[in-house]
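User: I am new to this structure and would like to go through it step by step. Could we begin with a single contact and work outwards?
Analyst: Certainly; here is the structure.

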Amino acid sequence: MTSFVVLIKFLLEMRLFNILLAVFTVVLTCRGQEAEKVTYDGVTYSTIGANLDLGNVLSDAQMDDRFNKMQTNDTLRTKFKAKVTEVCKVKGCWMKLQLNNGQETMVRFKDYGFFMPSDIAGKDVVVNGYAYVEAMSVEDQKHYAKDGGECQSKIDEIKEPKKTFGFEADGVLIENN
């Protein structure tokens, strides 16, 4: 009987230990994302993700030209500067950047390693990573439209895959106004 009581006490202690471990893990993973401030040519930026510099940055028009010369499944390592048109309202897991002639590119973040603040629409950013062209499925288009806050009638209008310009960023500079 005593070994049964000892076993019960041990299990209760382990349960308490596991609860404390879970709380500790949640607290550590829910810390705020820290953005380092950097200044280039008198303009202050917040760095999110990998550090990058502003050497050889393409403009939005130059990037649009590069995208238009690419075929589906092509990739290109580059960095460019553009204006944010939209950010995921759920947690900042993607953003759209304005290119030339009304085109946009959907930017996702490498390994979901970082997220964007949801209030940066209208700000200029520099993204570094891989540009690619893909045929986005109907399901993905509807998912992103829902995350972006589109109404259900607009989501229901999506019926076929479309050619899209994508970008996987490993680092982002957000211009501070």
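**Salt bridges and surroundings**

Analyst: In this predicted model, a salt bridge joins Lys79 and Asp53, with 3.0 Å between the closest N and O atoms. The pair links distant parts of the chain, as Lys79 belongs to strand β3 and Asp53 to the loop between β2 and α2, 26 residues apart.

User: Is Lys79 buried or exposed?
Analyst: Lys79 is buried, its relative accessible area being 14%. Its partner Asp53 counts as partly exposed, at 42% relative accessibility.

User: How many salt bridges does a search of the whole structure find?
Analyst: The search finds seven. One of them joins Arg77 to Asp170, with the closest N and O atoms 3.0 Å apart. Arg77 lies in strand β3 and Asp170 in strand β7, so this pair ties together parts that are 93 residues apart in sequence.

User: And how accessible are Arg77 and Asp170?
Analyst: Arg77 is partly exposed, with a relative accessible area of 42%, whereas Asp170 is buried, at 18%.

User: Which residue forms a salt bridge with Arg108?
Analyst: The partner is Glu134, and the closest N and O atoms are 3.5 Å apart. This pair also links distant parts of the chain: Arg108 is in strand β5 and Glu134 in strand β6, 26 residues apart. Arg108 is buried, with a relative accessible area of 14%, while Glu134 is partly exposed, at 21%.

User: Let us step back. How many helices and strands are there?
Analyst: The protein has four helices and seven strands. Along the sequence, they follow the pattern α-β-β-α-β-β-β-β-α-α-β.

User: What share of the residues is buried?
Analyst: Of the 177 residues, 34% count as buried. As for contacts with a separation of 6 or more, 69% are between residues 24 or more positions apart. The exposed area is about 11,100 Å², of which carbon and sulfur atoms supply 53%.

User: β7 came up earlier. How many of its residues are buried?
Analyst: Eleven of the 14 residues of β7 are buried, so the strand is largely enclosed by the rest of the structure.

User: Which way do its partner strands run, parallel or antiparallel?
Analyst: Both senses occur. Strand β2 (residues 43-49) runs antiparallel to β7 and is joined to it by five bridges; there, Gly49 has Gly171 of β7 as its bridge partner. β5 runs parallel to β7, again with five bridges, and Met106 is partnered by Gly166 of β7. β6 pairs with β7 in the antiparallel sense over twelve bridges, with Val127 standing opposite Val172 in β7.

User: Turning to the helices, which residues of α2 are buried?
Analyst: In helix α2 (residues 60-69), the buried residues are Met63, Asp64 and Phe67. Seen down the axis of α2, they fall within an arc of 105°, so they line one face of the helix.

User: What does that face pack against?
Analyst: The buried residues of α2 pack against four strands: β3 (75-87), β5 (104-109), β6 (124-136) and β7 (162-175).

User: And which residues are buried in α3?
Analyst: Helix α3 (residues 138-147) has Gln141, Tyr144, Ala145 and Asp147 buried. These cover an arc of only 160° around the axis, which puts them on the same side of α3. Glu139 and Lys146 are exposed on the other side of α3. The buried residues of α3 pack against β4 (94-98), β5, β6, α4 (152-156) and β7.

User: What follows α3?
Analyst: Gly149 follows α3 and has a positive phi, near 90°.

User: Which residues other than glycine have a positive phi?
Analyst: Asp111, with a phi of about 55°, and Tyr112, with a phi near 50°, are among them. Most residues other than glycine have a negative phi. Asp111 lies in the loop between β5 and β6, and Tyr112 is found in that loop as well. Asp111 is exposed, with a relative accessible area of 67%; Tyr112 counts as partly exposed, at 47%.

User: Finally, which residues make the nonpolar surface patch?
Analyst: Phe4, Val5 and Ile8 make a patch of about 250 Å². Val5 is found in helix α1 (residues 2-29) and is partly exposed, with a relative accessible area of 38%.

Methods:
Residues are numbered from 1 along each chain as its sequence is written. This is a predicted model: local features need pLDDT of at least 70, side-chain atom pairs count only at pLDDT 80 or more; totals for chains, interfaces and linings use all residues. Side-chain values use heavy atoms; hydrogens and water are left out. Helices (H or I, at least four residues) and strands (E, at least two) are DSSP runs, numbered from the N terminus. Buried means under 20% relative accessible area, exposed over 50%, partly exposed in between (1.4 Å probe, protein chains only). Contact means heavy atoms within 4.5 Å. Accessible areas come from the Shrake-Rupley method with a 1.4 Å probe; for residues, only the protein chains shown count as cover. The arc is that of the directions from the helix axis to the C-beta atoms. Patches are made of residues with over 30% relative accessible area and no salt bridge: like charges are joined within 9 Å, nonpolar side chains (Val, Leu, Ile, Met, Phe, Trp, Tyr) within 5 Å. A salt bridge is a side-chain nitrogen of Lys or Arg within 4 Å of a carboxyl oxygen of Asp or Glu. Two strands pair if DSSP finds at least two bridges between them.
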